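Student: Before the details are discussed, I should like each term to be set against its criterion. May we proceed by question and answer?

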Amino acid sequence: MIFPGSFLRNGVLCACALLMATVSFSAAVPEGDSAAIQEIARPLKAHVGVCAVMLDTGESLSVGDEASYPMQSVFKFPLALSVLKRVDQGRFNLDQIIHISPDQLVKDTWSPMRDRFPQGGDFSLKELLRLSVQESDNNACDFLFSLIGGPDAAQKDLKEWGISDINIKFTEDEMHKDHDRQYVNSARPSAMCSLLRAFDEGKILKKDTQRLLWNMMAACATGTGRLKGRLPEEYVVVHKTGLGHTAPDGMVSAVNDVGIIVLPGGRKMAVAVFVKDSRDSVPACERVIASVAHWLCTEWKAAGGVKK
């Protein structure tokens, strides 16, 4: 297991806990909690970043958080927030129709929309959002970017919301044309948890649009073996996944999952797990993400777990 930076200082295990602009995280993180997450991730030949925040108390845990990680499709979550912000402002309408011609559909990219409608068609804004968030459709994502004014508009919104350490500079198509750009579209785990918390607390969207996005993320069809992988059905997982490029030598640039987990008693936890530059397979990375989520929900004392 490779963690960016050093967590051993003078022989004492340390953990990061950050104060973000929009949210205060608890500063006290037991050493054993960070060590437990490190041990789960240790078998992976990869860089792993984790942040978890209990949304009622602000208690937090983070490992590998001093680094940034390529988001890949995780950035479709802040993009959706930017689109829905404009719906709340009356600039867009969820029922407005966007015509898409066949030549606008990029061929060599993940796109269930293109596969189902190779000749294009008329799509509502709501359906493009659903495709982008729920099915992680790259063509739908880039159409949404074009509507709001590109990645710069989404970046400006993040600044307005007081979120730093999330960088959105390139569209899906631009990343496909140059794989190095995926490392620019990056985030720190704690920054993503700050954005998740602001979303949950209604600081970004109105109630109707917040609920719409919540339901779309709860029905996320990708990466079901990650945060949800080892959790019983009574746990609700509202999340967005990301999967990176596999290089010719087999290295996987990113396997990610971020979201809000609703525990059986109703408490909520924001979780971000990023795996960068893995020499292990995607399924191996997914198993680690699933194990991290399971430990957080069942063993972490802040979540009500009891250590055995």
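Tutor: A residue is called buried under 20% relative accessible area, exposed over 50% and partly exposed in between, with a 1.4 Å probe and protein chains only. Helices (H or I, at least four residues) and strands (E, at least two) are DSSP runs, numbered from the N terminus. This is a predicted model, in which local features need pLDDT of at least 70 and side-chain atom pairs count only at pLDDT 80 or more, whereas totals for chains, interfaces and linings use all residues. Residues are numbered from 1 along each chain as its sequence is written, and side-chain values use heavy atoms, with hydrogens and water left out.

Student: What makes helix α4 largely enclosed by the rest of the structure?

Tutor: Helix α4 spans residues 125-134, and eight of its 10 residues are buried, so the helix is largely enclosed. The buried residues are Leu 125, Leu 128, Leu 129, Arg 130, Leu 131, Ser 132, Val 133 and Gln 134. Just after α4, Ser 136 has a positive phi of about 60°. In the protein as a whole, buried residues account for 59% of the 308 residues.

Student: Why is Ile 261 called buried or exposed, and how is Val 106 classed?

Tutor: Ile 261 lies in strand β10. Its relative accessibility is 0%, so Ile 261 counts as buried. Val 106 belongs to the loop between β6 (97-100) and α3 (112-116). With 28% relative accessibility, Val 106 is classed as partly exposed.

Student: Which residues does each of the two touch?

Tutor: Contact requires heavy atoms within 4.5 Å. Not counting residues up to four places away in sequence, the contacts of Ile 261 include Leu 231, Tyr 235, Val 237, Val 271 and Cys 297. Under the condition that residues up to four places away are not counted, Val 106 touches Arg 114, Asn 139 and Asp 173.

Student: What makes a group of residues a nonpolar core, and which members of the largest one touch the most others?

Tutor: A nonpolar core is a set of buried Ala, Val, Leu, Ile, Met, Phe, Trp, Tyr and Cys residues joined through side-chain atoms within 4.5 Å. The largest has 64 residues, of which Leu 128, Ile 166, Met 192, Leu 195 and Leu 213 touch the most other members. Leaving aside neighbours within four places in sequence, Leu 128 is in contact with Ile 98, Ile 100, Met 113, Phe 123, Ala 140, Phe 143 and Leu 144. A second, separate core has 35 residues, among them Leu 44, Val 50, Val 237 and Trp 295. In soluble globular proteins, nonpolar side chains tend to be buried together.

Student: How do you know that β3 pairs with β11 and with β4?

Tutor: Two strands pair if DSSP finds at least two bridges between them. Strand β3 has eight bridges to strand β11 (residues 268-278), in the antiparallel sense, and four to strand β4 (residues 60-63), also antiparallel. Both pairs therefore meet the criterion of at least two bridges. Gly 49 stands opposite Phe 274 in β11, while Cys 51 has Ser 62 in β4 as its bridge partner. Strands β3 and β4 form a hairpin with five residues between them, and Gly 58 in the turn has a positive phi of about 80°.

Student: Why are β4 and β9 called edge strands?

Tutor: Five strands form an open, antiparallel sheet in the order β4-β3-β11-β10-β9. Strands β4 and β9 (236-243) each have a single partner strand, so one side of each is left without a neighbour in the sheet. By contrast, seven of the eight residues of β3 (residues 47-54) are buried, so β3 is largely enclosed.

Student: What makes the crossing of α2 and α8 left-handed, and how is their contact composed?

Tutor: A crossing is left-handed if the near helix is turned anticlockwise from the far one by less than a right angle, and right-handed if clockwise. Axes are lines fitted to C-alpha atoms, for helices over the stretch in contact, and angles run from 0 to 180 degrees between N-to-C directions. Helices α2 (residues 76-88) and α8 (residues 189-200) pack at about 35°, with axes 11 Å apart, and α2 passes α8 in a left-handed crossing. Phe 77, Pro 78 and Leu 81 in α2 meet Met 192, Leu 195, Leu 196 and Phe 199 in α8. These contact residues divide into seven nonpolar, no polar and no charged; Ala, Val, Leu, Ile, Met, Phe, Trp, Tyr, Cys and Pro count as nonpolar, Asp, Glu, Lys and Arg as charged, and the others, Gly among them, as polar.
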